[in-house]
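Open the model in your viewer and keep the selection tool ready. The tour moves from helix to helix and ends at the ligand.

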Amino acid sequence: MTAISIIYGTEILGMTYELLQRSGVAERLRRAMRVVVKPNLVVAKPAREGATTHPEIVEGIIRFLKDFGIAKPVIAEGSWLGEQTGRAFSCCGYEALAKRYGLQIIDTKKDKIVKKNAYGLTLGICATFLETDFLINVPVLKGHCQTVMTCCLKNLKGCIPDSEKRHYHNIGLHKPIAALNTILKPDLHIIDGICGDPVFEEGGNPVTANRILIGTDPVLLDSYGATLIGYQADEIGYIRYAKEYGVGNLFGADTKIDEFQTENRPKNRTQNQSQLVCELAQLIDDNNACSACYAALIFALNKSGIRNSGKKFTETIKIGQGFRGKQFDGIGVGNCTQGGKHNVPGCPPSANDIVQMLKKL
Ligand code: SF4
């Protein structure tokens, strides 16, 4: 199999099927296998907003598997803290997809948890992702407020329970994400590069790229994907650790890349807004905040227009589990910062509640 294959266009289902045919993956499949497909349904938002996996990609995978003779692949996911996976399955089109093909969809927030050890960490993992013969990871290539980007390696964070997600944020995201990838090793990665948001994990600034990528090495795919949205692999901690832990190899000048239907590449690209997030992040004092919390604050700061208000802020807004039990004078966001003079409650709080508090102050 070529290290990375990319196909361009808007016929998403057909593109996925064609990539799978070209990939040679059929040689590694057996009809009796239990196949689990893991999309990114981090929030209940349709794929056009740049956060979640297009259901047409998963449908392309399902059709390919069925044509091969695997009648009942399973779709499994656990959305982020603060989102109900069932809502995401419904809103993102997966409930309807499962009904059409008579498939099982599993909300892994309700799953049995299996503890595994790796690189000095004990990590809880949802059993569904361990009890499979062939795991297909289907992430979205997009930006992330805290880890800069998210793609193959970080998508596996959806394979752990909510309690473990809080734990990861508490101990720093990068090492546990890399360690998780030494335990859970998807057999195939199919990346949704149709319109990922280059800034926010929860979408809202989709950038049309109309591409789907396929490969088997998540380090290679992520380090290449990073370059596609304006970064380098060494800027992203979990990619560095995953390389160090032997999960895969970094993309380089000698990486073999096959591209198909290049005439379908989009001509106009939306401008990357990561500079905006960098500026807003200067107003935040983050101490191990969960992504949903942090993104809500970024959104709220953006919405509040604080950047352009001309006001000077002498104090940053505190957020994150590191502030639990601490007293301070300024503003805190989330239940972890209840010791602040002003606090926006919630776990995570809504961006709107934060905006209201900022207006009041
Ligand atoms: S308040 Fe925010 S940072 Fe604290 S545990 Fe909840 S979501 Fe995480």
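This is a predicted model. Begin with helix α2 and pick out its buried residues: Pro55, Ile57, Val58, Glu59, Gly60, Ile61, Ile62, Phe64, Leu65 and Phe68. They make up 10 of the 14 residues of α2, so the rest of the structure largely encloses this helix.

Now select all of α2, residues 55–68. From first C-alpha to last, α2 reaches 20 Å, close to the 20 Å expected at 1.5 Å a residue. Step just past the end of α2 to Gly69. Its phi is positive, about 120 degrees.

Go next to helix α1, residues 12–23. How far apart are its end C-alpha atoms? They lie 16 Å apart, which agrees with the 16 Å that 12 residues should span at 1.5 Å a residue.

Colour the buried residues of α1: Ile12, Met15, Thr16, Leu19, Leu20 and Ser23. Look down the axis of α1. These buried residues fall within an arc of 135 degrees, so they line one face of the helix. An α-helix has 3.6 residues a turn, so residues three or four places apart point the same way.

Last stop: the ligand. Where does the ligand sit? Look in the second largest cavity. Show the surrounding residues as sticks: Ala289, Cys290, Cys293, Gly320, Gln321, Arg324, Gly334, Asn335, Cys336, Gly346, Cys347 and Pro348. Colour this shell by residue type. It divides into six nonpolar residues, five polar and one charged.

Conventions
Residues numbered from 1 in each chain as written. Predicted model: local features only at pLDDT ≥ 70, side-chain atom pairs only at ≥ 80, totals over all residues. Heavy atoms only, no water. Near = heavy atom within 4 Å. 1 Å grid on protein atoms, 1.4 Å probe; cavity = no way out; pocket = protein on both sides within 12 Å on 5 of 7 lines; lining within 4 Å. Sits in = over half its atoms within 2 Å of the grid points. Nonpolar A, V, L, I, M, F, W, Y, C, P; charged D, E, K, R; others polar. Helix = DSSP H or I, 4+ residues; strand = E, 2+ residues; numbered from the N terminus. Expected span 1.5 Å × (residues − 1). Buried < 20%, exposed > 50% of the residue type's maximum accessible area, 1.4 Å probe, protein only. Arc of directions from axis to C-beta.
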